Amino acid sequence: MNLSTLLDVHQKYERIATVTAVRPPARFGRIELGENGRVESFIEKPQSDSGWINGGFFVLEPEIFEYLEGPDTVLKEAL
């Protein structure tokens, strides 16, 4: 993750909170079969092409504290 780019995007859209979203890697390898059932290729844990997960990086403005009720507030529930 290029953190400078993340910060640029956050500032461009003037958000209070920005989270990275990434495609998760597949849990298993994928086998491509030909018409005759013969293995054509095997791809070791390809990156998923559907769904997004938290990439682990946030950019937060000080205003975020207006949305938090206390130290036990779960961020995803506050926004």
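Here is a short exchange about how some labels in this predicted model were reached.

Me: Why is L33 called exposed?
Reply: Its relative accessible area is 54%, and exposed means over 50%, so L33 earns the label. You will find L33 in strand β2.

Me: What makes R30 partly exposed?
Reply: R30 has a relative accessibility of 41%. Buried would need under 20% and exposed over 50%, so R30 falls in between.

Me: And why does E32 count as partly exposed?
Reply: The value for E32 is 32%. Partly exposed runs between the 20% and 50% limits, therefore E32 belongs there.

Me: How do you know that R30 and E32 form a salt bridge?
Reply: Their side chains meet at 2.8 Å, N to O. The cut-off is 4 Å between a side-chain nitrogen of Lys or Arg and a carboxyl oxygen of Asp or Glu, so the pair qualifies. The structure holds one salt bridge.

Me: Which residues make the nonpolar surface patch, and which strands supply them?
Reply: I31, L33, V39 and F42 make a patch of about 410 Å². Strands β2 (30-33) and β3 (39-43) each supply at least two of its residues. Patch members need over 30% relative accessible area; L33, at 54%, therefore passes that test.

Me: What makes N2 a cap for helix α1?
Reply: A side-chain oxygen of N2 lies 3.0 Å from the backbone nitrogen of S4, at the N-terminal end of α1 (residues 3-12). Polar contacts are N or O pairs within 3.5 Å, so this distance fits. Just after α1, E14 takes a positive phi of about 50 degrees.

Terms used: Residues are numbered from 1 along each chain as its sequence is written. This is a predicted model: local features need pLDDT of at least 70, side-chain atom pairs count only at pLDDT 80 or more; totals for chains, interfaces and linings use all residues. Side-chain values use heavy atoms; hydrogens and water are left out. Patches are made of residues with over 30% relative accessible area and no salt bridge: like charges are joined within 9 Å, nonpolar side chains (Val, Leu, Ile, Met, Phe, Trp, Tyr) within 5 Å. Accessible areas come from the Shrake-Rupley method with a 1.4 Å probe; for residues, only the protein chains shown count as cover. Helices (H or I, at least four residues) and strands (E, at least two) are DSSP runs, numbered from the N terminus. Buried means under 20% relative accessible area, exposed over 50%, partly exposed in between (1.4 Å probe, protein chains only). A polar contact is a pair of N or O atoms within 3.5 Å; within protein, one must be able to donate a hydrogen and the other to accept it, and residues adjacent in sequence count only if both atoms are side-chain atoms.
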